[in-house]
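Some notes on this structure follow, as numbered points. They take up a sheet, a pocket and one side chain.

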Amino acid sequence: MALIGAGIMSATLGAILRRLEPGASITVIERLDTAAAESSDPWNNAGTGHAGLCELFYAPEKAIRVNEQFQVTRQFWAYAVQHGLLGRPRDFVHPVPHVSFAHGADGVDQLRRRHRALAGNPLFAGAEFITDFDEFAARLPLMAAGRSPGEPVALDWSPDGTDVDFGALARQLIGYGVRHGTETLFGHEVRTIRRESDGGWTLGLTDRHTGERHRLRAKFVFAGAGGATLGLLQRSGISEIRGFGGFPIGGVFLRSEVPELVAAHRAKVYGAPAAGAPATTAPHLDARVVDGAPWLLFGPFAGWSPRFLKHGRATELPRSLRFDNAASLLGAGIRERKLVGYLLGQLRRGPAARPAALRDFVPDALDGDWSPIRAGQRVQVIRRGRLEFDTTIVHAADGSIAGLLGASPGASTAVPAMLDVLARCFPSRFAGWLPTLKEMVPSLGVRLAEEPALFEQVWEWGTRQLALRPASDGQP
């Protein structure tokens with residue numbers, strides 16, 4: 001088996017496969033010299049364990065679906081800690097409240113309606129709706145300082161959110177695989193993918209340091225290479241990738257490690273996207289823990305590059321254009337005129353717009369306390385003339401090759417996504433794997449929103465294994 005890309009997707013799939021098939025031949029191929037150096041790197045994403053608790057750009061139905069998916073991921077992490085696949089939970093996950101924020105009468109009213117729509121669901125039962133300014137100031141002093149007490153504000157406060165270092169998590173999962181026989185090829189790029197007469201695949205690899213070329217045979221190939229996945233599947237020639245395109249979206253964040261600021265904000269707080277802006281641009285102020293150190297991160301601000309990877313090539317977008325996806329790309333361009341206009345407007349404004357956006361969250365913010373950092377590239381899926389803000393699994397009819405496209409909610413739903421890959425690509429073996437998979441994910445196949453007793457059971461187990469005490473006081 002060949003897993004292309006050493007980010008959270010391949011790391012998760014590799015660990016699950018190693019547990020299911022201890023003797024399997026598995027090779028992870030990564031073009032960079034370290035694992036998780038693209039989208040999974042902690043500075044290339046916001047580190048939000050996306051559970052639909054605070055993301056206002058998720059409709060209530062999607063928030064519930066994403067939360068159900070995150071519960072699957074959370075259970076696997078708990079199993080992985082319990083059985084030694086992962087080490088200390090504090091090396092990759094911390095408890096941090098997830099909070100939706102609104103101000104102004106209309107914004108408060110909209111957030112109240114959203115809270116009511118979700119409050120009856122067991123997965124969201126712990127959320128508090130807060131409109132009292134003094135309580136707002138007690139919980140989020142950094143955001144309250146310099147703000148008029150007469151301004152209507154509201155918080156939808158979920159105490160049980162998480163901050164996740166997906167880079168550290170991916171490296172631990174790959175390390176588990178290596179200890180049990182998985183081979184890793186760092187600094188190697190997949191240049192060709194050719195189907196063989198026996199149904200398997202031959203990958204043409206190039207060592208990026210020496211230029212040496214060699215081949216790797218695999219009966220199953222998974223492309224978990226972030227923005228590079230589209231091009232890899234196109235090169236494979238499978239019919240299922242026809243019509244798919246990708247649109248790269250970059251971003252810039254502001255970050256701060258000033259101790260007084262970090263101590264005054266221990267939550268992930270999401271606002272609503274600006275009118276006409278893509279969902280992925282919803283502003284948020286995040287408490288982060290990276291390499292054991294606390295930070296604040298605010299953004300994102302729009303950026304653009306034709307690269308599909310942060311460490312990629314400027315030719316990646318034009319090389320993704322095909323006769324079969326040209327109409328879809330053109331249709332998306334026409335339908336998403338407002339989005340294109342928004343991105344162009346943001347790019348024209350440049351860094352000058354960032355302080356004003358930050359002060360919408362932190363009124364007393366000082367420019368010198370914050371510095372910019374470029375985030376990872378995201379490639380949004382274009383299909384049937386529409387831009388899709390979601391993740392999509394594409395696989396050959398015979399299940400011999402699969403890949404994951406898209407960016408949101410991405411890493412937080414890696415486990416259900418990879419279980420989906422296994423079900424699609426190994427249908428004859430999946431039933432035999434189910435007993436082990438249900439050890440990994442006790443609620444597998446069950447909607448936890450409909451089984452509150454089971455939800456409470458697996459939640460308490462996961463909280464204990466991951467050392468995630470309730471974060472109601474906002475401290476990590």
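1. Two strands count as paired if DSSP finds at least two bridges between them. In this predicted model, strand 10 (residues 201–207) and strand 11 pair in the antiparallel sense over six bridges. One of the bridge partners can be named: L203 is matched with L216 in strand 11.

2. The sheet to which these strands belong is open and has three strands, in the order 9-10-11, with antiparallel pairing. Strand 9 (188–195) and strand 11 (213–218) are at the edges; each has a single partner strand, so one side of each is left without a neighbour in the sheet. From one strand to the next, the twist averages 25 degrees.

3. Helix 7 (residues 229–236) packs on this sheet and touches strand 9 and strand 10. The direction of helix 7 makes about 30 degrees with that of strand 9.

4. The second largest pocket holds about 670 Å³ of space. Its lining consists of 28 residues, and G271, A272, P273, A274 and P283 lie nearest the centre. Two or more lining residues come from each of strand 4 (98–103), helix 3 (105–119), strand 16 (293–303), helix 11 (337–349) and helix 12 (354–361). By type, the lining residues are 17 nonpolar, seven polar and four charged.

5. Is Q75, in helix 2 (residues 60–82), buried or exposed? Q75 has a relative accessible area of 2%; the cut-off for buried is under 20%, so Q75 is buried. Leaving out residues up to four places away in sequence, Q75 touches M440, V441, P442, S443, L448, V458 and W461.

Definitions and conventions. Residues are numbered from 1 along each chain as its sequence is written. This is a predicted model: local features need pLDDT of at least 70, side-chain atom pairs count only at pLDDT 80 or more; totals for chains, interfaces and linings use all residues. Side-chain values use heavy atoms; hydrogens and water are left out. Buried means under 20% relative accessible area, exposed over 50%, partly exposed in between (1.4 Å probe, protein chains only). Contact means heavy atoms within 4.5 Å. Helices (H or I, at least four residues) and strands (E, at least two) are DSSP runs, numbered from the N terminus. Axes are lines fitted to C-alpha atoms, for helices over the stretch in contact, and angles run from 0 to 180 degrees between N-to-C directions. On a 1 Å grid over the protein atoms alone, a cavity is a set of points where a 1.4 Å probe fits but cannot get out, and a pocket is an open set with protein on both sides within 12 Å along at least five of seven lines; lining residues have an atom within 4 Å of a point. Grid points are joined across faces, edges and corners, and a volume is the space filled by probe spheres set on the points. Ala, Val, Leu, Ile, Met, Phe, Trp, Tyr, Cys and Pro count as nonpolar, Asp, Glu, Lys and Arg as charged, and the others, Gly among them, as polar.
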